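Me: I am new to this structure and would like to go through it in questions and answers. Could we begin with what is shown here?

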Amino acid sequence: MSRANTPSDNRSLVFTLDGKPVEAMDNETLWQVAERCGNPLPHLCFCERPGYRPDGNCRACLVEIEGERVLAPSCLRRPVANMVVHTQSERARAARKGVLELLMSSAQGLAADSPLARLAAEARVTGGHFPKAVGVGDKTPALADNSHPAISVNHQACIQCGLCERACNEVQVNGVIALAMRGSATEVIFDQFDPLGQSSCVACGECVQVCPTGALLPVIPSSEKHAGERVTAVASVCPFCGVGCQLQYQVDDNRIIQVDGLNGPANQGRLCVKGRFGFDYIQHPHRLTKPLIRLSGAVKGLNVDPANPLSHFREASWEEALSVAADGLARLKAEKGGASVAGFGSAKCTNEEAYLFQKLIRQGFGHNNLDHCTRLCHASSVAALMENIGSGAVTATFNEIEHADVAIVIGANPAENHPVAATFFKQFARRGGQLIVMDPRGTTLKPFASHMLQFRPGTDVALLNAIMHVIVDEQLQDQAYIDQHTENWLAMKAHVRAFSPKKMAPICGIVEEDIRAVARTFATARSAMIFWGMGVSQHVHGTDNARCLIALALMCGQVGRSGTGLHPLRGQNNVQGASDAGLIPMFLPDYQSVTSTDARASAEALWQQPEGSLSAEKGLTVVEIMDAIHSNEICGMYILGENPAMSDPDLSHARAALAKLRHLVVQDIFVTETACFADVILPAAAFAEKSGTVTNTNRQVQMARQAVNAPGEARADWQILQQLAVKLGLNWHYDSPRAVFDEMKLLMRSLDNISWDRLEREGAVTYPCEDESLPGASVVFANCFPRPGGRARFTPADLLPPDDIPSDQYPMIMTTGRQLEHWHTGTMTRRSRVLDGVEPHANCSLHPHTLKRLDIAPGDRVRIVSRRGEISLLARADWAVAEDMVFVPFAFVEAAANILTNKALDPVGKIPEFKFSAVRVEAASPGECIEK
């Protein structure tokens with residue numbers, strides 16, 4: 001154990017640094033103390049970012065300690081009382097300069113702006129005092145490796161500092177990079193000496209971010225090269241998943257040229273391939289730059305080339321486009337009533353824009369027929385959480401896993417869907433935490449799991465009730481917690497007795513002893529957490545699945561303490577914030593029911609509406625709105641940033657509904673598949689082109705800042721919303737997102753003690769926050785729950801089969817989801833050079849034995865047929881997929897998975913059953929491309 005890692009009691013002490021007494025904590029390093037005292041020391045192998053341990057192998061930070069014969073690396077050494085340290089002695093400075101001379105002699109082709117090049121320039125080191133390093137024996141020096149579309153490798157610039165290895169193995173925990181060989185032959189390798197582009201690298205770019213020499217660099221096309229003099233840095237938030245990584249855009253001449261991770265509360269400086277390399281979609285030539293109005297007679301359908309929309313549309317001024325958009329919606333309201341116009345808002349917009357969208361529909365059309373993609377991801381989770389604990393948000397941040405000793409991850413593949421969150425899960429397992437993974441697929445977390453339960457699709461309730469049966473049968477429940485904090489326990493206790501592991505094992509496909517082992521592990525944990533994804537929620541029994549997880553946590557007392565909690569991993573970057581802001585059909589902002597007279601009265605007073613003017617009737621959800629179009633109840637829609645022509649189940653049904661609308665207004669950054677059906681298209685600013693707040697899966701409200709200007713005449717969504725509202729006769733006068741935020745706060749107690757100024761200053765605040773001086777609560781419900789009587793509730797769940805049962809004609813089960821490189825419907829990621837370059841083709845995954853049985857080779861085209869349609873795409877072999885399953889990503893329009901999915905709904909959460917569709921798989925001809 002190094003001295004830097006020696007345990008301490010975090011006591012203060014005094015020692016002498018450069019002739020002055022200084023006070024320090026005994027868990028600080030000499031490097032940190034010198035930095036804090038304004039005397040920074042050089043460093044190369046040391047990284048100040050969270051998660052990096054000091055290594056001390058570059059020796060660039062050497063200092064002299066009186067009484068010690070050799071110089072000490074300051075990044076490793078900790079002070080002791082009365083120690084005398086010299087950072088600027090002649091001996092220390094000469095040694096540090098010598099280190100730089102040696103490194104400059106061995107490194108070739110340094111990046112000009114690399115830390116090593118900058119340190120050498122400051123020390124006036126040219127590297128000419130020592131001969132160049134040579135290989136050993138017959139070994140040929142490694143050449144440049146340009147095999148990867150995102151990262152270039154110059155082995156000859158490497159100084160073997162080990163930072164990339166720690167970044168890959170200890171921080172991101174991907175295990176791709178290692179140092180191989182010995183002496184001057186030492187080199188960085190990927191997997192088993194593979195080229196980077198052929199290795200298992202997931203392109204998180206952590207190694208690029210910390211490399212001190214430029215041996216690892218982002219690949220920048222020649223057209224994007226920059227001089228560097230005009231580069232500015234803008235702090236913001238990632239626009240992809242719900243983790244909410246803080247990042248820094250590097251901007252040159254109104255173009256984003258690079259992205260680095262910032263030390264945000266969720267990501268601690270880490271990013272994934274999408275956040276680091278997926279930024280260039282905003283610069284794609286398909287960007288909308290002018291408003292468009294459909295040409296008379298142009299047939300609606302997926303018949304518009306995004307590169308040439310003028311085949312079906314004409315350009316218009318903003319004045320004309322807004323007038324046509326508003327007049328069409330107002331005409332329907334006058335003819336058929338306000339309820340004939342529905343709206344889909346976006347979880348990719350800001351909180352302010354979500355708030356304005358729901359206000360426009362409710363105030364302008366007098367109903368609650370509005371929704372967004374939460375209906376398609378965690379609506380059932382929110383329903384169960386609201387029902388049983390009184391809140392639709394997580395009870396603890398995912399970072400709290402640091403304080404747990406057991407964690408369940410069920411129905412989720414965070415290494416692909418929430419990669420940065422997954423790094424903390426993998427670190428948890430590496431530290432000795434017991435990670436219980438439950439999923440019908442063998443996810444990427446399987447190698448880190450202490451228990452892997454690969455259960456049969458659709459049998460979640462059977463498995464979870466069996467686990468709870470063991471806990472009750474062996475009296476492992478936390479009875480004191482149950483008695484003090486919950487209700488309906490006796491009914492739950494009696495219910496689960498009917499679900500013994502012996503009875504449930506044949507149903508869920510998990511052997512009895514494994515069920516018992518998991519139950520005992522979770523129930524006897526000191527602190528345990530439960531994380532789940534859409535593998536839990538996207539079922540007709542999704543609410544029941546979530547009810548079981550809530551009950552499991554409650555009966556073991558695993559809520560309300562550090563290292564405990566319930567956490568549905570939210571999908572989109574602002575799906576939590578959009579839901580909080582009221583972008584759902586049954587709730588006003590802050591989950592105040594539309595049926596509540598007091599809640600409606602508060603909104604009416606704030607919006608200066610007549611008393612009783614807001615509807616008390618719960619609105620229709622996403623799929624229900626599509627059904628209502630077919631039944632002629634809804635004739636017009638305003639869709640902002642959503643893509644139901646790709647994301648809805650049973651796409652033939654959804655696309656037919658969109659084509660049937662009398663008036664459709666779409667607001668987006670591209671001509672999406674949904675925009676192909678529009679009458680008016682309004683060009684919007686992308687996320688990096690506007691400012692506002694967003695709320696991540698951790699309940700952390702964060703400030704997103706504009707980095708570049710929108711192209712052409714595109715405008716920020718909040719500006720378009722206001723202008724459209726005025727055209728509709730609403731008296732709106734917002735001059736900035738801040739003005740909208742200030743109004744939101746008046747309806748949302750969750751934003752108490754969180755001001756715009758504070759977010760500008762601090763970047764992020766977690767809600768609820770009890771005081772402006774506090775960071776907010778990472779764990780909630782320590783003493784009571786926001787339910788009647790302050791108690792959480794147990795709600796028993798029975799077995800409910802999937803709606804779309806396999807048959808002889810459709811013998812296999814299809815499940816859908818995302819891939820690491822692509823997000824949601826691919827609107828952004830398929831327009832990113834790196835992301836689409838890594839994963840360019842529609843594909844599906846099948847077990848090798850299944851491929852052999854079907855006489856299909858990996859890389860062949862297959863046809864997948866369901867009761868609703870068929871698609872053709874490439875087949876991949878994947879041992880993680882069960883032999884009766886096929887996994888299909890839903891980002892590819894040429895093989896849209898949702899052509900096949902079932903629109904049957906969970907009766908409570910109204911979420912479609914995306915995760916279970918009966919299909920058959922068969923060989924297709926090589927050139928076949930089917931979507932029908």
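Reply: Two strands pair if DSSP finds at least two bridges between them. With that in hand, and keeping in mind that this is a predicted model, we can turn to the strands.

Me: Which residue stands opposite Val862 in β36?
Reply: Strand β35, residues 861-866, runs antiparallel to strand β36, residues 870-877, and 5 bridges join the two. Both strands belong to a barrel that 6 strands close in the order β33-β37-β34-β36-β35-β40, with mixed pairing. Within β36, the residue opposite Val862 is Leu873.

Me: Are α12 and α14 roughly parallel or roughly perpendicular to each other?
Reply: Helix α12, residues 460-473, packs against helix α14, residues 489-496, with the axes 8 Å apart and at an angle of about 105°. Angles of 65 to 115 degrees count as roughly perpendicular. The two helices, α12 and α14, are therefore roughly perpendicular.

Me: Which residues of α12 make the contact with α14?
Reply: On the side of α14, the contact is made by Trp489, Met492, Lys493, His495 and Val496. By class, the contact has 5 nonpolar, 3 polar and 1 charged residues. From α12 come Asn465, Met468, His469 and Val472.

Me: Is Asp18 buried or partly exposed?
Reply: Asp18 is found in the loop between β1 (12-17) and β2 (20-25), and its phi is near 50°, a positive value in a residue other than glycine. Buried means under 20% relative accessible area, and exposed means over 50%. Because its relative accessible area is 29%, Asp18 is partly exposed.

Conventions: Residues numbered from 1 in each chain as written. Predicted model: local features only at pLDDT ≥ 70, side-chain atom pairs only at ≥ 80, totals over all residues. Heavy atoms only, no water. Axes fitted to C-alpha atoms, helices over the stretch in contact; angles between N-to-C directions. Helix = DSSP H or I, 4+ residues; strand = E, 2+ residues; numbered from the N terminus. Parallel < 35°, antiparallel > 145°, perpendicular 65-115°, else oblique. Contact = heavy atoms within 4.5 Å. Nonpolar A, V, L, I, M, F, W, Y, C, P; charged D, E, K, R; others polar. Buried < 20%, exposed > 50% of the residue type's maximum accessible area, 1.4 Å probe, protein only.
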